[in-house]
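Let's take a walk through a protein model together. Have the sequence and the 3D view open, and follow along as we go.

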Amino acid sequence: MTVRILLCDDHVVVRAGLLALLGSTPDIEVVGEAGSGEEAVAMAAKLKPDVVLMDLQLGPGIDGVEATRRIAPTGVHVLVLTTYDTDADITRAIEAGATGYLLKAERPEELFAAIHAAAQGRTALSPPVASRVMDRMRGAARPSLTDRERDILGQLAHGLGNKEIARALFISEATVKTHLGRIYAKLGVDTRAGAVAVAKEQRLLP
C-alpha cells in the first residue's frame with residue numbers, strides 16, 4: 001500500500017531533505033508541501049492525504065498543535081515530526097489528536113515505519129517519547145516545588161516578566177532566573193509557556 005503524505009514544516013531546507021528521503025522509498029508518496037499551519041489545514045482538506053507529517057513550531061500563524069487539532073477530526077492522521085520532546089509539547093500534541101510523535105533524530109527506517117503505522121491509525125512514538133508517556137500513565141509523582149518556586153510559577157501564569165516577578169516578590173532578578181532554571185528542570189520544559197502548561201495540567205499553581 002502506498003501511503004500519501006503531506007509535509008508541513010516552515011523550513012524549506014528541511015522539507016527538501018524530507019522530500020528526498022521519502023522519495024527513496026517506493027511505498028510513500030509526497031502529495032504536497034505546506035510551510036505554515038494554515039496551509040497544512042487547507043491542503044489536508046483539499047488533498048486528503050493518508051498522513052500529515054507535522055512540525056510543531058511553524059513561525060507566524062497557528063502552530064503545529066493547533067493545525068493538528070483542526071486536521072485530526074477530518075479523519076486524516078497526523079504524525080508529529082519535531083525536535084521538541086518536552087512533556088508539555090508531547091501532551092499538547094497528543095491531546096490535539098496526533099496519531100504519533102516522532103523526533104527528527106530518529107533513523108530513516110524508523111520514520112518510514114512510523115508513517116505506515118500512522119496511516120493505519122496505530123500509535124507511533126519515539127522511544128524517549130514513549131518513556132515519558134508511560135511514566136505519566138503509571139502516575140509518576142508530581143514534581144516537588146518549593147513555596148518560592150510555586151510563587152514564581154504563579155507570577156509566570158499571570159504573564160509577568162522576570163523584572164516584574166522580582167519586584168512583586170521582593171527578590172533580585174538574578175534570584176528569579178535561578179528559580180526559573182530549577183522550575184524548568186523539575187517540569188521537564190525549556191520555555192515559560194511550557195512551564196505554565198505543565199503546571200496547569202498537574203495543578204501545581206498556587
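First, a word we'll need: "buried" means under 20% relative accessible area, "exposed" means over 50%, and "partly exposed" is in between, using a 1.4 Å probe and protein chains only. This is a predicted model, where local features need pLDDT of at least 70 and side-chain atom pairs count only at pLDDT 80 or more, while totals for chains, interfaces and linings use all residues. Residues are numbered from 1 along each chain as its sequence is written, and side-chain values use heavy atoms, with hydrogens and water left out.

**A residue to start with**

Find isoleucine 165, which sits in helix H8. Helices here are DSSP runs of H or I with at least four residues, strands are runs of E with at least two, and both are numbered from the N terminus. Is isoleucine 165 buried or exposed? Its relative accessibility is 0%, so it counts as buried. Contact means heavy atoms within 4.5 Å. Leaving out residues up to four places away in sequence, isoleucine 165 touches Ile152, Gln155, Leu156, Leu160, Val176 and Arg192. With isoleucine 152, the C-alpha to C-alpha gap is 6.9 Å, and the two are 13 residues apart in sequence. Leucine 156, with the same neighbours in sequence left out, touches Ile165, Leu180, Arg192, Ala195 and Val196.

**Two cores**

A nonpolar core is a set of buried Ala, Val, Leu, Ile, Met, Phe, Trp, Tyr and Cys residues joined through side-chain atoms within 4.5 Å. The largest one has 20 residues, and those touching the most other members are Ile152, Leu153, Leu156, Leu180, Leu187, Val189 and Ala195. Helices H7 (147-157), H8 (162-169), H9 (173-187) and H10 (192-201) each give two or more residues to this core, and H9 gives the most, with five. Apart from it lies another core of 19 residues, including Leu7, Leu79, Leu81 and Leu111. In soluble globular proteins, nonpolar side chains tend to be buried together.

**The sheet**

Now look for the open sheet: six strands in the order E2-E1-E3-E4-E5-E6, with parallel pairing. Strands E2 (28-34) and E6 (124-125) are at the edges with a single partner strand each, so one side of each has no neighbour in the sheet. Two strands pair if DSSP finds at least two bridges between them. Here are three of the pairs.

| Strand pair | Bridges | One bridge partner pair |
|---|---|---|
| E1 (residues 3-8) and E2 | six bridges | cysteine 8 and alanine 34 |
| E1 and E3 | four bridges | leucine 7 and leucine 53 |
| E3 and E4 (residues 77-82) | four bridges | methionine 54 and valine 80 |

Between E3 and E4 the chain passes through helix H3 (residues 64-71), making a right-handed β-α-β crossover; right-handed means that, with the strands pointing away from the viewer, the path from the first strand over the helix to the second runs clockwise. Strand E3 is covered on both faces: Val51 and Leu53 are buried on one side, and Val52 and Met54 on the other.

**Helix H4 and the annotation**

Helix H4 (residues 87-96) is mostly covered, with seven of its ten residues buried. Among them are Asp87, Ile90 and Ala96. Just after H4, glycine 97 takes a positive phi of about 115°.

Finally, an unreviewed UniProt entry lists residues 4-119 as "domain: Response regulatory". Over that stretch the chain is 45% helix and 22% strand, and its end C-alpha atoms are 9 Å apart.

Technical notes
UniProt positions are given in the numbering used here, feature names are shortened, and annotations may be inferred rather than shown by experiment.
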